[in-house]
Amino acid sequence: MARIAVIGAGAWGTALAIALGRCESHRLKLWAYEREVVESIRASRINQPFLPGCPLPESVEATQSLAEAIADAEIVLSVMPSHHARRVWSQMKPLLHPETLLVSATKGIENETLLRMSQVISDVLTHGEGSFSPRLCTISGPTFAREVAMGYPTALSVASSDPNLSAQVQETFSSANFRLYRNDDVIGVELGGAVKNVIAIAAGVVDGIGYGHNTVAGLITRGLHEITRLAVACGGHAETMSGLAGLGDLVLTCTGGLSRNRSVGVELGRGRKLEEIIRDMHGMVAEGVMTTSAAVGLAHSMNVEMPITEQMHAILQHGK
């Protein structure tokens, strides 16, 4: 049995709570920022605002209190949007025990600092009052929230600099339909999961314009080269990009109909304005929109050429 706090009750956080909650011995607290999410789950066992039609197991309890969610948790799984990560981890810091196992499932790069999510967490927890060195893993891979919630077979990577931690997460999280594979390349796993969202928006643009499979295949292939160049320049491993957190996640997000990033690109390709598209998402987050600027900044700092990413930056930020 494990006591797990899931911090962030969007579609992905809710899906992870459902997947982990299928192990009846686990006990989960799902923290939501939105009151309506907590009320929906308590009333119907369904997160109607973000993941309708997918009931949560009875082992999952929803709360708006970070203190209540984290109290007695052996594992804290963070699934908040990347642009909220620093703020939420700062709020959690005084509530955490140094021995708690921390797992990041957020895919993104912090715009202001160009830090990956595990770096943001470490930066918050190792500086200032009450500082400590976190026991930290990251998970990433080809995962649509709804398919995870429905129990479709899913595989993803868990990465940590400490193999004992990744082994513990693998054992605790894995089930018959939800399998984790260990990796020691935290940099590659995180950058693969973050930057593929940018390429997915580009793939959506291609589709929205009306081009065919040839164009999308070329874009995915060249996009993989871009991500690999950046990951290697930052200290990651090229072989990670041929695995679940690289090619697997990239193909899924560029071609799957459930991809929010791809859907944003499709609407851009059809001529709609970004502000209008975001407004119609009703609070859903397409991480690639936020990640594009950070990816360009990181590429420039590492002297890496990323032409597809740079063109997406021009479209998303400068109205090209």
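Me: Given that contact means heavy atoms within 4.5 Å, which helices do the buried residues of α11 pack against?

Reply: This is a predicted model, in which local features need pLDDT of at least 70 and side-chain atom pairs count only at pLDDT 80 or more, while totals for chains, interfaces and linings use all residues. Residues are numbered from 1 along each chain as its sequence is written, and side-chain values use heavy atoms, leaving out hydrogens and water. With helices taken as DSSP runs (H or I, at least four residues) numbered from the N terminus, the buried residues of α11 pack against α8 (186-209), α10 (244-255), α12 (274-279), α13 and α14.

Me: How many residues of helix α11 are buried?

Reply: Buried means under 20% relative accessible area (1.4 Å probe, protein chains only). Seven of the 10 residues of α11 (residues 260-269) are buried, so the helix is largely enclosed by the rest of the structure; they are Asn261, Arg262, Val264, Gly265, Val266, Glu267 and Leu268. Just after α11, glycine 271 adopts a positive phi of about 105°.

Me: At what angle do helix α13 and helix α14 pack?

Reply: Axes are lines fitted to C-alpha atoms over the stretch in contact, and angles run from 0 to 180 degrees between N-to-C directions. Helix α13 (residues 287-301) and helix α14 (residues 307-318) pack at about 130°, with their axes 9 Å apart; they are therefore oblique to each other, that is, outside the ranges under 35 (roughly parallel), over 145 (roughly antiparallel) and 65 to 115 degrees (roughly perpendicular). The contact involves Gly288, Val289, Thr292, Ser293, Ala295, Val296 and His300 of α13, together with Thr309, Glu310, Met312, His313, Leu316 and Gln317 of α14.

Key
Helix = DSSP H or I, 4+ residues; strand = E, 2+ residues; numbered from the N terminus. Contact = heavy atoms within 4.5 Å. Buried < 20%, exposed > 50% of the residue type's maximum accessible area, 1.4 Å probe, protein only.
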